[in-house]
Amino acid sequence: MTTTAHDLHHTEHPAGVVQPQAAAAERSVVTTVVGRRALAALRLGTGFVFLWAFLDKTFGLGFSTPAAGAWIHGGAPSQGFLMSDAVSGPLKGFFASIASPVTDVLFMAAMLGIGLAVMAGVGLRLSAVAGSVVMLLMYLAEWPFTANAASTNPLVDYHIVYALALIAVAAVSAGDTWGIGDWWKQLPLVRRAQWLA
């Protein structure tokens, strides 16, 4: 008897209802220790990119945000970016129009949530979607498609690479090695709602 891709992802129940199985263990998807460790390093590095953005913008650590511009000192993390000259191209007006205290809170919550979840190895599917949306919006805001843009590559810049890294670690369940993904996937809520895996 051969196993199909359908068999790996669904279980047929007596009533004929097809239900998703629990998320695959990383070990069953990535079969070498070296591969799992490499993906764990990628996951931790990518997660830290998001977490660091939260920390630097919250406390003004002086790397991309000076102390005077810290969120805790009244700085406006997303508004500062959305209203700056870093935003260019035909969507500049749109991004300026959405700049508000609400976007500050949403952006910072996304940076913290994605960073912590990815570093812990939990909620990788949701983090991949949320992080990819944030990266795509930032990519479009900086509009890399024209000469002399901030990006040195008009198609694949760091925003796209971060989104691809998030997608890769989610696709292979890369939260088990150096993370608590295996424990997370066994939680009853996560077993019922696979999008939380």
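Helix α7 is followed by Trp143, a residue whose phi is positive, near 35 degrees, and this spot, just past the end of a helix, is where our walk through the predicted model begins. Looking back from Trp143 into the helix, we find that α7 covers residues 124-142, which makes 19 residues. At 1.5 Å a residue such a helix should span 27 Å, and because the C-alpha atoms at its two ends are 26 Å apart, the expected and the computed length agree.

A good part of α7 is hidden from the surroundings, for its buried residues are Leu124, Ser127, Ala128, Gly131, Ser132, Val134, Met135, Met138, Tyr139, Ala141 and Glu142. What, then, covers the buried residues of α7? The cover includes the helices α3 (33-59), α4 (77-82), α5 (92-98), α6 (101-120) and α8 (158-171).

With these neighbours in mind, it helps to step back to the whole chain. Its secondary structure comes to ten helices and two strands, and when the chain is read along the sequence, one helix is followed by the two strands and then by the other helices, in the pattern α-β-β-α-α-α-α-α-α-α-α-α. Of the 197 residues in the chain, 38% are buried. Among the contacts whose separation is 6 or more, residues 24 or more positions apart account for 59%. The chain exposes about 11100 Å², and carbon and sulfur atoms supply 70% of that area.

We can now turn to α6, one of the helices that cover α7. Helix α6 has 20 residues and reaches 28 Å from its first C-alpha to its last, close to the 28 Å expected at 1.5 Å a residue. Which residues of α6 are buried? They are Thr103, Asp104, Phe107, Met108, Ala110, Met111, Ile114, Gly115, Ala117 and Val118, and these buried residues pack against α3, α4, α5, α7 and α8. After α6 comes Gly121, whose phi is positive, near 85 degrees.

The meeting of α6 with α3 can be followed in more detail. Two packed helices are described by the angle between their axes and by the distance between those axes. For α3 and α6, the axes come within 7 Å and cross at roughly 145 degrees, and the crossing in which α3 passes α6 is left-handed. On the α3 side the contact is made by Arg43, Leu44, Gly47, Phe48, Phe50, Leu51, Ala53, Phe54, Lys57 and Thr58, while α6 contributes Phe107, Met108, Met111, Leu112, Ile114, Gly115, Leu116, Val118, Met119 and Ala120.

One of these contact residues, Thr58, deserves a visit of its own. Thr58 is found in helix α3, and its relative accessible area is 5%, which lies under the 20% cut-off and therefore makes it buried. A polar atom of the Thr58 side chain lies 2.7 Å from the backbone oxygen of Phe54. If we leave aside the neighbours within four places in sequence, Thr58 is in contact with Ala70, Trp71, Ile72 and Met108.

Beyond α3 the chain enters the loop between α3 and α4, where Thr65 is found. Is Thr65 buried or exposed? With a relative accessible area of 8%, Thr65 is buried, and, not counting residues up to four places away in sequence, it touches Asp56, Lys57, Gly60 and Ala70. Gly69 is found in the loop between α3 and α4 as well, but Gly69 is partly exposed, because its relative accessible area of 29% falls between the 20% and 50% cut-offs. Although Gly69 and Lys57 are twelve residues apart along the chain, their C-alpha atoms are separated by 7.7 Å. Gly69 touches Lys57 and Gly75, again without counting residues up to four places away in sequence.

The last stop is the loop between α8 and α9 (181-186), where Ser173 is found. Ser173 is not a glycine, and yet its phi is positive, at about 50 degrees; with 10% relative accessibility, Ser173 counts as buried. The loop between α8 and α9 is also the place of Trp178, which has a positive phi of about 55 degrees although it is not a glycine. A positive phi was also what we met at the start of the walk, in the residue Trp143 that follows α7.

Definitions and conventions:
Residues are numbered from 1 along each chain as its sequence is written. This is a predicted model: local features need pLDDT of at least 70, side-chain atom pairs count only at pLDDT 80 or more; totals for chains, interfaces and linings use all residues. Side-chain values use heavy atoms; hydrogens and water are left out. Helices (H or I, at least four residues) and strands (E, at least two) are DSSP runs, numbered from the N terminus. The expected span of a helix is 1.5 Å times one less than its number of residues. Buried means under 20% relative accessible area, exposed over 50%, partly exposed in between (1.4 Å probe, protein chains only). Contact means heavy atoms within 4.5 Å. A polar contact is a pair of N or O atoms within 3.5 Å; within protein, one must be able to donate a hydrogen and the other to accept it, and residues adjacent in sequence count only if both atoms are side-chain atoms. Accessible areas come from the Shrake-Rupley method with a 1.4 Å probe; for residues, only the protein chains shown count as cover. Axes are lines fitted to C-alpha atoms, for helices over the stretch in contact, and angles run from 0 to 180 degrees between N-to-C directions. A crossing is left-handed if the near helix is turned anticlockwise from the far one by less than a right angle, and right-handed if clockwise.
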